[in-house]
Structures are given as C-alpha cells and as structure tokens.
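Trainee: I should be grateful for a close look at a single part of this structure. Please set out where that part sits, and then what surrounds it.

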Amino acid sequence: MRNKLIVGNWKMNLTLEESRRLTLDIRQGLTNLSEKAEVVVCPSFVHLANVHYQLPSSIKLGSQNVFWKGNGAYTGEISCDQILDLGCSYVIVGHSERRKNLKETDAMVNDKVLECLQKGLKPIICVGETKDEKEKGMTEEKVTQQVELALEGVKSKDVIGVTIAYEPIWAIGSSNSAEPSDAQIVISRIRDILENNYSEKESEIIRILYGGSVNPQNIASFVLEKDIDGVLVGGVSVKANEFVGIVKQVMKI
Ligand code: PGA
C-alpha cells in the first residue's frame with residue numbers, strides 16, 4: 001500500500017527570515033504526522049541548510065532542481081552530493097517552469113533522473129500538457145512521451161525510487177485545478193506505462209502525484225481517487241495554515 005506524499009514547492013519565494021518562520025509554523029502545525037502521509041518541503045537552494053536545521057526528522061527536505069554532473073567546472077550549478085550534504089532526500093526534476101523558462105529538455109530531465117538515482121536521491125519527475133495540447137486531445141501522447149524519455153535507461157531496481165507528478169501546465173498557479181476524475185484518468189495511464197515498461201510490481205510501488213492549484217478545499221477530492229498518491233503544492237505551500245490544512249486532511253482520509 002502506497003502512503004500519501006505531500007510536497008510543498010516554495011518556488012523562488014521567501015527571504016531567509018520568512019522561510020525560517022514558515023518552517024517553524026509548519027513544524028508546529030504538524031507535530032502528529034502519521035505514517036499515512038509523508039511530507040516534503042522544497043525551499044530555494046539558498047535556504048536549504050537553514051530549513052534543514054529547523055525541520056523535525058518527520059518532515060523531509062527536497063530541492064527544486066539539481067545538475068546532472070557529479071562535480072567540476074559548471075558555474076552556477078549544484079550537484080546531487082551538495083544537496084545530499086544539506087539534508088535533501090527528494091529533488092523536483094523537470095518542473096514545467098524550468099522546461100519553459102530554462103529550456104530544459106526531456107534529455108536533460110533524463111540525465112538528472114539518472115544522476116539522482118545513482119546518488120540515492122529521489123527524483124520527483126514533473127510531466128504535463130499545455131492548454132493547447134489539452135484542447136487538441138494530445139494529453140496522453142505528451143505525458144507518455146515525457147514519462148518514457150525521463151525514464152530512459154532507468155533499471156527496474158532503481159525505478160522504485162522515482163515519484164511522478166502529473167501537473168497540467170494550464171492548472172499551475174491558475175486557481176483552476178484539473179477535475180480530479182480527469183487527473184485520475186491520466187495518472188492511471190501513467191501507471192499503465194510503468195507496468196508496460198517495467199512490471200506490475202514496480203507500477204504498484206511508484207507514487208504518482210497530482211499538481212496544479214491544489215488547496216485545502218479541493219485536496220480531499222484528489223487523494224480519494226484510486227491512483228492519486230498525493231500532491232505537489234505550489235502557491236499555497238508557502239502559507240503555513242493552508243499547507244498544514246492540506247496535510248491534516250490527507251491524514252484523515
Ligand atoms: P500551484 O503550483 O499549486 O501554485 O498551482 C504547483 C506547482 O507548480 O508545482
């Protein structure tokens with residue numbers, strides 16, 4: 001049985017003091033975390049160390065990105081070893097904002113996934129269609145391609161370290177989330193891809209999240225869907241009350 005995963009993506013927000021405050025508020029709000037829910041927060045790189053020292057061990061730390069090389073002359077980049085050193089266990093890889101603004105390709109996402117798995121970090125691979133692709137009925141094709149390219153060369157024994165986040169691009173930051181039943185259809189399709197490319201065993205272990213305008217009002221309807229194993233939360237993850245509220249609702253289900 002997969003337990004639920006709730007990931008807060010703080011994006012490029014908050015000062016050091018604000019991230020300290022938010023961490024303390026989340027910590028105070030989530031003193032009774034049960035095994036039903038695993039919680040991860042992903043601050044900016046520059047705040048990882050501070051957040052790490054303030055987080056209880058029951059809440060995990062993730063970064064929003066990583067580079068695919070071990071070390072060397074890659075000015076401005078950050079390696080898996082460096083974020084492991086700061087206490088990260090998860091990394092968001094291939095977020096649509098990076099694919100769009102930084103021109104991250106599926107090949108780069110694949111390199112990052114391979115490097116993370118080799119180093120023992122758990123990549124959260126983001127996939128999803130644009131509004132235009134949705135309107136053209138291309139959702140399944142786009143998501144299948146992104147999942148397969150991200151996992152190229154990933155072996156069965158390693159793929160269970162991966163999490164996939166289905167994030168329709170049109171739903172991100174829009175206050176217009178997908179219908180939970182529509183997200184369920186895409187997510188069960190992703191599970192089929194995993195079963196076809198690996199086996200039923202792997203497909204039953206790997207968690208698949210939904211992301212895109214998740215809030216305390218709609219969280220329950222997502223996680224009640226059979227294949228939705230949790231959520232990747234952006235905007236409201238920097239509001240302690242709302243993020244804590246989301247986690248508490250997941251624990252009640
Ligand atoms: P949102 O962002 O919750 O603000 O829509 C989700 C994400 O970008 O991961």
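The discussion below concerns one strand, β5, and its surroundings in a predicted model.

Mentor: Let us begin with the sheet as a whole and then turn to the strand itself. In this predicted model, eight strands close into a barrel with parallel pairing, in the order β1-β2-β3-β4-β5-β6-β7-β8. From one strand to the next, the twist averages 25°.

Strand β5 comprises residues 122–127, and five of these six residues are buried, so the rest of the structure largely encloses this strand. The threshold for that term is a relative accessible area under 20%. In a regular strand, side chains alternate between the two faces of the sheet.

On one side, β5 pairs in the parallel sense with strand β4 (residues 88–93), over four bridges. Within this pairing, K122 of β5 stands opposite Y90. The pairing of β5 with strand β6 (residues 163–166) is likewise parallel and is made over four bridges. Here I125 has I164 of β6 as its bridge partner.

The sheet can be followed one step further. β6 pairs with strand β7 (residues 207–211), again in the parallel sense and over four bridges. In this case A165 is matched with L209 in β7. Helix α9 (residues 180–197) packs on the sheet and touches β5, β6 and β7, and its direction makes about 150° with that of β7.

A further helix also bears on β5. Helix α7 (residues 139–150) lies across β5 and β6, and runs at about 155° to β5.

Helix α5, which spans residues 106–119, contains N110. The relative accessibility of N110 is 10%, and N110 therefore counts as buried. Its side chain reaches the backbone oxygen of L149 at 3.3 Å. Apart from neighbours within four places in sequence, the contacts of N110 are with L149, A150, L151 and E152.

The loop between α4 (96–101) and α5 holds K103. This residue has a positive phi of about 55° although it is not a glycine. K103 counts as exposed because its relative accessibility is 59%. In the loop between β6 and α9 lies S175, for which phi is also positive, at about 55°, although S175 is not a glycine. With a relative accessibility of 74%, S175 counts as exposed.

The ligand completes the description. It is surrounded by 13 residues, of which the closest are K11, H95, E167, G173 and S213. A polar side-chain atom of K11 lies 2.7 Å from an oxygen atom of the ligand. Backbone atoms take part as well: a backbone N or O atom of G234 lies 2.8 Å from a ligand oxygen atom, and a polar backbone atom of G235 is 2.8 Å from an oxygen atom of the ligand. On its own the ligand has 280 Å² of accessible area, and the protein covers 95% of that area.

To return to the strand in question, β5 is paired in parallel with β4 and with β6, while α7 lies across β5 and β6 and α9 touches β5, β6 and β7.

Methods:
Residues are numbered from 1 along each chain as its sequence is written. This is a predicted model: local features need pLDDT of at least 70, side-chain atom pairs count only at pLDDT 80 or more; totals for chains, interfaces and linings use all residues. Side-chain values use heavy atoms; hydrogens and water are left out. Helices (H or I, at least four residues) and strands (E, at least two) are DSSP runs, numbered from the N terminus. Buried means under 20% relative accessible area, exposed over 50%, partly exposed in between (1.4 Å probe, protein chains only). A polar contact is a pair of N or O atoms within 3.5 Å; within protein, one must be able to donate a hydrogen and the other to accept it, and residues adjacent in sequence count only if both atoms are side-chain atoms. Contact means heavy atoms within 4.5 Å. Two strands pair if DSSP finds at least two bridges between them. A residue is near a molecule or strand if one of its heavy atoms lies within 4 Å of it. Accessible areas come from the Shrake-Rupley method with a 1.4 Å probe; for residues, only the protein chains shown count as cover. Axes are lines fitted to C-alpha atoms, for helices over the stretch in contact, and angles run from 0 to 180 degrees between N-to-C directions.
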